[in-house]
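Work through the exercises below with the structure in view. Try each task before you read its solution.

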Amino acid sequence: MRAIGFRVDAAAHIGTGHLHRCITLACELKNLSIRCVFFVRQFECDLLGVILDNNFEYVIIGQSVGYRFNDDHTQWLGVSQKQDAQNFIEVATNYDLTLLVIDHYSIDSIWESNVKEKLALPILVIDDLANREHNCEMLLDQNYWPDMSQRYIGLTSDSCQYFLGPKYALLKPVFNKLIQGNMLFKQPNDSILVNFGGVGNYKLWQVVLPALIKCNTFNFHVVTGKLPSDEYTYLSNWVESSSHIYIEEITNKMPELMSVSVYSLGACGSTVWERFCLGLNSALIDVADNQKELVKYLDYQGLIDYLGSLQTITTEGTINFISNLRLDSECYVARKSQIQALVDGLGSKRIASHIIKIID
């Protein structure tokens with residue numbers, strides 16, 4: 001069986017979006033009889049169980065425990081690129097890989113060239129920063145940019161094949177099934193869905209939850225993301241007397257919840273395209289510096305409401321926004337059609353098809 005490797009990480013400072021979209025692509029490839037192996041670095045925050053839950057194998061290439069991480073994504077490996085590449089090469093030689101997928105902000109042409117020298121693998125890079133050179137045959141950027149066709153010129157070879165825009169967004173098949181009406185989710189729900197990512201941010205919830213408690217004219221379905229048990233318990237107890245708020249830490253029904261929610265408060269990560277696919281209007285915040293450009297452009301295009309950044313969002317501002325929210329306005333009806341036109345949920349099938357052409 002042909003095998004494809006994925007070099008991707010998940011941790012508190014990285015989040016889970018990179019890993020989840022790689023798993024989505026791996027599921028499509030598995031349906032095409034491709035073996036998929038995940039090569040990951042072990043961090044203090046263990047978020048790798050989702051790989052096993054989806055029946056894939058992973059190999060830990062090294063550890064970065066105790067490293068102090070900040071907003072500088074170039075340092076997110078916890079080791080140098082050359083060290084990480086060497087760690088990968090040492091374990092990858094045990095697998096007969098035919099292609100490598102890389103989804104990591106800390107990896108660029110330095111890492112890729114080191115690996116190509118030893119393993120001579122074609123590489124698909126998943127990126128959205130467009131701020132460093134890549135040595136790859138294919139590059140995927142699923143985001144929506146004003147200069148989409150120009151972003152990577154000079155950062156890759158002239159022969160690199162680009163897959164740009166939400167048409168290639170790596171969404172689970174369930175999203176296309178939901179919009180086609182091939183899947184029914186009959187749970188009654190008139191709630192606003194509130195989630196800011198797979199890894200919970202306790203400080204952010206301390207700002208947002210008091211606003212939700214005050215705004216009891218709406219129902220809220222809150223998914224906090226993974227938190228230390230004491231932090232989640234505190235938040236859960238905090239809203240216990242608020243009958244209009246349902247809270248849970250994680251869910252395996254996020255697509256279905258999106259499909260029946262009346263609105264969403266969320267982060268400007270990969271879930272943007274999931275919401276768009278289902279026509280779910282939303283108010284977003286940027287929780288990382290690399291999200292600022294995208295969220296501001298989406299706001300400029302009138303495709304989302306902008307709540308601010310992780311550093312600027314306030315309880316009072318959130319209360320004011322929700323209190324003035326009019327979900328039956330013509331603006332939201334028109335926007336629903338606009339955002340759905342951008343994403344059809346078939347991006348992962350398109351990319352898997354191109355990968356098959358490369359390895360064949």
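**Exercise 1.** Find what covers the buried residues of α5.

*Solution.* The cover includes α8 (254–260) and α9 (271–277). Now list what is covered. Helix α5 spans residues 173–180, and Val174, Phe175, Asn176 and Leu178 are buried in it. Buried means under 20% relative accessible area, with a 1.4 Å probe and protein chains only. Helices (H or I, at least four residues) and strands (E, at least two) are DSSP runs, numbered from the N terminus. Then step past the end: just after α5, Gly181 has a positive phi of about 75°.

This is a predicted model: local features need pLDDT of at least 70, side-chain atom pairs count only at pLDDT 80 or more, and totals for chains, interfaces and linings use all residues. Residues are numbered from 1 along each chain as its sequence is written, and side-chain values use heavy atoms, without hydrogens and water.

**Exercise 2.** Locate Glu249 and describe its surroundings.

*Solution.* Start with the loop between β10 (245–248) and α8, where Glu249 is found. Next, check charge. Glu249 is buried but has no salt bridge (a side-chain nitrogen of Lys or Arg within 4 Å of a carboxyl oxygen of Asp or Glu). Lys226, the nearest side chain of opposite charge, is 4.4 Å away. Finally, look at the backbone: the nitrogen of Leu227 lies 2.8 Å from a polar atom of the Glu249 side chain.

**Exercise 3.** Trace the open sheet of six strands and explain its edges.

*Solution.* Read the order: β10-β9-β8-β11-β12-β13, with parallel pairing. Strands pair if DSSP finds at least two bridges between them. β10 and β13 (305–309) each have a single partner strand, so one side of each lacks a neighbour in the sheet.

How values were computed. Buried means under 20% relative accessible area, exposed over 50%, partly exposed in between (1.4 Å probe, protein chains only). Contact means heavy atoms within 4.5 Å. Lys and Arg count as positive and Asp and Glu as negative; His and the chain ends are not counted. A polar contact is a pair of N or O atoms within 3.5 Å; within protein, one must be able to donate a hydrogen and the other to accept it, and residues adjacent in sequence count only if both atoms are side-chain atoms.
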